[in-house]
Amino acid sequence: MMSRTCGSPEPDAGAACSESVPESGAAISSVKKNIHILVGVTGSVASLKLPLLVSGLLAIPGLEVAVVTTERAKHFYKACDVPVTIYSDADEWEMWKSLSDPVLHIDLRRWADLLVVAPLDANTLGKVASGICDNLLTSVIRAWDRTKPLLFCPAMNTAMWEHPVTAQHMEQLKGFGYIEIPCVAKKLACGDEGLGAMAEVCTILGKVKEILLERDLLHQS
Ligand SMILES: Cc1cc2nc3c(=O)[nH]c(=O)nc-3n(C[C@H](O)[C@H](O)[C@H](O)COP(=O)(O)O)c2cc1C
């Protein structure tokens with residue numbers, strides 16, 4: 001796959017949990033080298049946490065990480081703060097010129113052992129629920145091998161969360177076998193207070209580790 005990185009800072013493996021990366025390597029060793037984790041990121045303000053999430057994943061021994069971003073998500077993080085390759089729609093189209101060229105969304109679904117979409121905003125949630133695939137991330141998801149884990153972390157304003165269509169979409173995703181990492185209640189960036197905030201990064205990392213252990217990709221040392 002093509003590589004577009006922006007510096008390679010050491011992952012911050014030892015910081016405290018609430019707003020930084022938990023200690024990840026202590027109790028876990030990998031049995032399979034280079035477990036490939038694909039992080040999907042969408043246009044929620046919670047995408048601010050992408051650098052922290054990626055650093056936390058890189059602190060788990062044996063994980064290789066890449067990111068697929070929507071165009072709107074790019075607004076919320078600096079690529080230079082994310083020390084792994086970030087793929088977006090332009091890469092998909094620039095990469096394919098003739099029949100022998102790679103199709104990026106298919107290469108990525110083959111490459112990844114696990115996909116975690118964090119945050120999953122209301123728009124992409126709706127698209128995934130109904131099968132729409134009009135960008136790189138939704139194409140990866142539409143082509144996803146459902147024998148592999150797909151985790152998703154909804155994040156949206158409380159009013160959006162409470163709209164009845166959200167519950168329908170959530171049921172559809174869970175029906176596909178995708179794993180919800182539930183949103184939490186707190187004061188949101190818009191000032192409203194209630195459910196809809198993305199799960200804490202340490203919760204997401206814990207769930208990723210749990211699933212990798214369950215699938216025998218990692219084992220407790
Ligand atoms: C500052 C700002 C914050 C936003 N935060 C959220 C959010 O947390 N959740 C959400 O569902 N939409 C949020 N949106 C709206 C999405 O960005 C919008 O629906 C967009 O079309 C999503 O595109 P994407 O799903 O392709 O990334 C926000 C928009 C702005 C301008």
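These legends accompany close-up views of a predicted model of a protein chain with a ligand.

**Figure 1. The protein chain combines 8 helices with 10 strands.** The chain has 221 residues, and 43% of them count as buried. Long-range contacts carry much of the count. Among contacts with a separation of 6 or more, 75% link residues 24 or more positions apart.

**Figure 2. A shell of 15 residues surrounds the ligand.** Gly43, Ser44, Thr70, Asp121 and Ala122 are the closest. By class, the shell holds 7 nonpolar, 6 polar and 2 charged residues. Helix H4, residues 122-130, is the top contributor, giving 3 residues to the shell.

**Figure 3. Six strands form an open sheet with parallel pairing.** The strand order is E4-E3-E2-E5-E6-E7. E4 and E7 (179-180) stand at the edges. Each has a single partner strand, so one side of each lacks a neighbour in the sheet.

**Figure 4. Strand E6 pairs with the edge strand E7.** E6 covers residues 150-154 and runs parallel to E7, with 2 bridges joining them. Phe152 stands opposite Glu180 of E7.

**Figure 5. Helix H1 packs on the sheet.** H1 spans residues 50-58. The helix touches E2, E3 and strand E5 (114-120). The directions of H1 and E3 make an angle of about 160°.

**Figure 6. Strand E2 is largely enclosed by the rest of the structure.** Of its 7 residues, 6 are buried, which is why E2 counts as largely enclosed. E2 runs parallel to E3, and 7 bridges join the two strands. One of the bridge pairs matches Val41 with Thr69 in E3. In a regular strand, side chains alternate between the two faces of the sheet.

**Figure 7. Helix H3 turns one face inward, lined by its buried residues.** H3 runs over residues 104-111, and Leu104, His105 and Leu108 are buried there. Viewed down the helix axis, the buried residues of H3 fall within an arc of 95°, so they line one face. An α-helix has 3.6 residues a turn, so residues three or four places apart point the same way. What covers the buried residues of H3? The cover includes three strands of the sheet, E2 (35-41), E3 (63-69) and E4 (86-87). It also includes helices H2 (89-95) and H5 (136-142).

Key
Residues numbered from 1 in each chain as written. Predicted model: local features only at pLDDT ≥ 70, side-chain atom pairs only at ≥ 80, totals over all residues. Helix = DSSP H or I, 4+ residues; strand = E, 2+ residues; numbered from the N terminus. Buried ≥ 20, exposed ≤ 12 C-beta atoms within 10 Å, placed from the backbone. Contact = placed C-beta atoms within 7 Å. Near = placed C-beta within 6 Å. Nonpolar A, V, L, I, M, F, W, Y, C, P; charged D, E, K, R; others polar. Arc of directions from axis to C-beta. Pairing = 2+ DSSP bridges. Axes fitted to C-alpha atoms, helices over the stretch in contact; angles between N-to-C directions.
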